[in-house]
Each structure stands twice: as C-alpha cells, then as structure tokens.
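Reader: I would like a close look at a single part of this model, namely the surroundings of the ligand, and after that a connected account of how the parts of the chain around that site are put together. Please take your time over it.

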Amino acid sequence: MSDEPIVQMAGITKDFTGVRALESVDFTLRPGEIHAIMGENGAGKSTLIKVLTGVHAPDAGRILLDGEPVRFHSPGQAQAAGISTVYQEVNLTDNLSVAENLFAGREPRLGPFINFRAMRRKASALLDQIGIDLNVAAPLSSYSIAMQQLVAIARAVDFEAKVLILDEPTSSLDRDEVEVLMRVMRKLAGDGVAMVFISHFLDQVYEVCDRMTVLRNGKLVGDWDTDALPENELIGHMLGREVETLEAIEHRPDRWPPGDAAPLVSAEGLGRRGSIAPFDLDVREGEVVGLAGLLGSGRTETARLIAGADRHDSGSLSLDGSKLRGHNPRTAAARGIGFCPENRKTEGLVPDLSVAENIVLAMQAARGWARTIPPARRDKLVAEFIAKLDIRPADPHLPVKNLSGGNQQKVLLARWMLLQPRLLILDEPTRGIDVGAKADIQRLVNELSDDGMAVMFISAELDEVTRLSDRIAVLRDREMIDILGAESEMTTERIVDTIVAKGGEQ
Ligand SMILES: Nc1ncnc2c1ncn2[C@@H]1O[C@H](COP(=O)(O)OP(=O)(O)OP(=O)(O)O)[C@@H](O)[C@H]1O
Ligand SMILES: [Mg+2]
C-alpha cells in the first residue's frame, strides 16, 4: 500500500438553499484502504461523496486525484477517471436482465447488433470473479434488492475503478450477503482499489474499515485509524454527546409477559400462494410482536397481508373478533391498521412534496380529500412530530427529497404515527438510521405500546427484535415456523437455532 493519497479533498464547502451541508471539510483517501465516513443522519456524508463525484459542484475547496486538480461535472466524468459509486438507493433498470444491467451503455457488439451471447458470457465471468452466482439472463427485478445491490457493485468494479464508493450498500443485505460483500471489498483492497464505505452498522465498519473520517453537522470532527478509535469514542464524536447505549432500551422488562387480553387483530390460516404459507397470529393491544427471519423469509409478505397491501387467498383476518371483508390499504387505514413499508423510495414518500405535506398525506387520505385539515392544526401536528422524531433540518417546508436518507425515513414514520393507528406495522423502521435516531425510534415504539398501540416490528437486526418484542414470530422460507413468547426464548441465539433447526428438517 502506498501512502501517497489517491484522493485529497481540502476545504470543501457546500451550501444548499438555507442549509450549509458541508463547511470546509478535508478528506484524504489512500490506495488500497477501506475508509469509513461516519456521522449522524444529515451530517453531510452523501453530500461529500456527491461533491467528489461531480453530482454537486462545491462552493469552495479543492479536489486532487492522484495529485492532479480535478473538477467533475457529472458522475460519468468521475467514473471515466476511475471513481465509481454505488448509491444508497440502487440505480439499475428493473426490467432489463442482469447482464444488460452490467453492460448497459457498453454492450459487446457484433456489427450493429448487441452480441447477447458474449454479453452473458462476460457477465457470468464478472460475477464469478467476485463470487456471486446469478442467472445473468433473468430480469434483474426477479432478484432481491440485496442481489441487485451486488450487481450494482459488480458493475462499478468492472469500470476498473481506482476508487469505489459504497454509500450504505449493506442496509438491505442479510448476513451472508454482507459477508460476500466484505469478501469482495477485501479482495479489491488487496488489488489496490481505494474504497469509501458509508454505513450505520458500526459492527460492519469495525470489521472491514482501516480508517474513519467523522463528520458532524457538516464539519470535520477528525480522522482516525480504526484500531485507535473505540466504539464509544466514535459515537461521542458522531453525536457530540453521550447516548444511552441501545442495549439499555428494552421493552418493559419489569412487567412481562403481557396480559392475556382478547386479540385486537387475529389471523387464522392467513396465507397467499407463492408468498407466505398459511399462518395463525394474534396481536393484542399494547403488545409488540416482532417478525424475525432472514431476508426473503416472508417477513414483509406477512406484514403486507395483515395490512391489506396484498390480498390473501386463504384463511381470514379479524379485528376485535369480527372477520374483515374487502381488506385493502384504504379500508385497513380507516380501521386503524397503519403500515409503514420498507421501501421509502417507491412505496412511501412523494419526493417533490414538502416534509409537512408528506407527513399529513395519510391523515388527509383517511379524511377524504374534500375535507382539508385546518392549517393551524396541521402545522401543530407537523411541528410536534418533527420534534418527536428529531427530523433535521426542522423545516416543514423543505421538499422531502432534500433531506438526507435517514431523515426521509423518519418522515415516513411520522406519517403513520400521526394517524395513531390501533395496530402499527413497521417494516425495517430503523434501516439507514444513525445510532442516536435508532434509540429515539426504539424508545418511541416502547412508548406507543405502553399507551396501548399494538405494534408489529420487522427488523433484520435480531438484537433489536429481541429487546423490543413481547413475542417473536420466526419465519423461514416463506413460512411462519414458530412463535417465541417465553422470556427464556427471547434471545438472538434462540431465533437463530429455530431457523437453523427448521432447515435441518428438510
Ligand atoms: N439536494 C439538496 N438540496 C437541499 N439540501 C440538501 C440536498 N441534499 C442534501 N441536503 C441537506 O444537506 C445535509 C446533508 O445531507 P446528506 O445527504 O449529505 O447527509 P448524510 O450524512 O448522507 O445523512 P444519512 O445518514 O441520513 O444518509 C442535510 O441537512 C440535507 O437535508
Ligand atoms: Mg446519506
């Protein structure tokens, strides 16, 4: 590894209308190193990357690549110079095949025609090289978001990147996929590629990164070798304050188990062919039911049936003991079942509407569009939730697309909490959210359920599920295989054992 930096950014300042996203930030990246950029939601991580890659022009500062001053005007220019980026949200084309996505814009040709056979061969070789196994002729949309993410990375790698930037690539990957990605990253580092890694998973950062640069409120806090910066100090630098450790947030450890009230929502043999096998599940008022399982195990599918987002083709769903007919998202919301989906970009937010408009959207829909919410009431509610969830910047008028990824997630949560549903279904609510905000959301789930709201909580992070849930439904291969409820069962090990044991039976 050479010590000459491949990238040097100095004095970078970037203003958006009304917001200083970066203020005189320095950043240095060396060949062959994996370098984390750390900071809270809205700290300026993605903006720093976007300034480097020509998405945004800096208002001040200098960028050197290999010692030469550069100024890119588009990500394409940066890519041509050897800086490839995989963004927080995957940017590939769903309906094209894996191979077409890998070689879009540079397809191998035979005269005027695309040589599909050569393209598929090259695609297989490329994926092989980084150790993932996909059918390259299949449409990309037939794979999970996780796999799509790995395809995006393979595409970036193939551009002979000198610098590879990964902005939250792991937020939708399961453990095995994260392992694959890390293996790929280490291999690339060994080949001399410099990498920038942005992630809110501290364990991953500690596992794979050599150095860290910490930003807070758009300013540089400092940079450290990973070995020299223990986790509690890192968190202190990121937040500028001490936080209660997440382990301390637990769902009413003192008065457990929950009472045996009549179920609020009750699924009997509820299922949908090809999506989730029939299951029975009750959720009581004030109870938090966690859904645990690997990616693709059927967690989201279970939630979607209960929320009416998908139609069930077997069994029934009851509310307060009476069977529901004509269950769809609108009737569900009207009956007090709120569903905060996983994919904020396609199922949730309207990017051009303001934070306030996005927050009141579901409430407005529930009232009917003819009855607008009185402005004073609306402003008060919006202000209350901006404060409660610490949405930043705390400006209700900003278009939601101008918020950082994590803050967008909070807007979506606010929308559903505002409706005060009787059952709130949260699909990966803490994904892409920094440690401070994660603690806020976990605490909020506890508060809401203490006030009597029933909550279904989906998370890939098992420790979060075990800490917050009263009971845990474990899923595997699109089947609910067990419901854990005794205190002794509510552990990460027990969930993993349950999933593994079921695999052994088959
Ligand atoms: N296009 C834009 N227009 C206006 N403001 C923006 C724009 N992009 C980002 N910002 C603001 O700049 C600040 C930094 O945002 P950035 O996206 O860099 O944060 P981040 O550190 O990547 O956060 P996260 O962890 O949530 O992804 C935020 O206050 C954000 O609202
Ligand atoms: Mg970001």
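Author: For sorting residues into classes, Ala, Val, Leu, Ile, Met, Phe, Trp, Tyr, Cys and Pro count as nonpolar, Asp, Glu, Lys and Arg count as charged, and the others, Gly among them, count as polar. Sorted in this way, the shell around ligand 1 in this predicted model holds six nonpolar, 11 polar and two charged residues. Of the 19 residues around ligand 1, those that come nearest are Phe16, Asn41, Ser46, Ser404 and Gly406. Three elements, β2 (19–29), α1 (45–52) and α14 (405–418), each contribute at least two residues to that shell.

The wider setting follows from the domain assignment, which divides the protein chain into domain 1 (7–246), domain 2 (250–336 + 422–506) and domain 3 (345–420). Because domain 1 and domain 3 both give residues to the shell, ligand 1 lies between them.

Domain 3 also touches domain 2, and the centres of these two domains, taken over C-alpha atoms, are separated by 25 Å. Their contact draws 10 residues from domain 2 and 11 residues from domain 3. On the side of domain 2 that touches domain 3, the elements that give two or more residues are α10 (329–334) and α15 (435–450), and α15 gives the most, with three residues. That side of domain 2 divides into seven nonpolar, one polar and two charged residues.

A residue that repays attention here is Ile359, which is found in helix α12 (residues 355–367). Ile359 has 30 other C-beta atoms within 10 Å, and since 20 or more are enough for a residue to count as buried, Ile359 is buried. Leaving aside residues up to four places away in sequence, Ile359 touches Val382, Phe385, Val411, Ala414, Arg415 and Leu418. Of these partners, Val382 is 23 residues apart from Ile359 in sequence, while the two are 6.8 Å apart in space, C-alpha to C-alpha.

A helix pair completes the account: helix α5 (residues 145–158) and helix α6 (residues 175–190) pack at an angle of about 10°, with their axes 11 Å apart. Angles under 35 degrees count as roughly parallel, and α5 and α6 are therefore roughly parallel to each other. In their contact, Ala146, Leu150, Ile153 and Val157 of α5 meet Glu177, Val180, Leu181, Val184 and Leu188 of α6. The residues of this contact divide into eight nonpolar, no polar and one charged.

Definitions and conventions: Residues are numbered from 1 along each chain as its sequence is written. Chains are lettered from A and ligands numbered from 1 in the order in which they are written. This is a predicted model: local features need pLDDT of at least 70, side-chain atom pairs count only at pLDDT 80 or more; totals for chains, interfaces and linings use all residues. A residue is near a molecule or strand if its C-beta atom, placed from the backbone, lies within 6 Å of it. Helices (H or I, at least four residues) and strands (E, at least two) are DSSP runs, numbered from the N terminus. Domain bounds come from an automatic or database domain assignment. A residue is buried if 20 or more other C-beta atoms lie within 10 Å of its own, exposed if 12 or fewer, and partly exposed in between; C-beta atoms are placed from the backbone. Two residues are in contact if their C-beta atoms, placed from the backbone, lie within 7 Å. Axes are lines fitted to C-alpha atoms, for helices over the stretch in contact, and angles run from 0 to 180 degrees between N-to-C directions. Angles under 35 degrees count as roughly parallel, over 145 as roughly antiparallel, 65 to 115 as roughly perpendicular and the rest as oblique.
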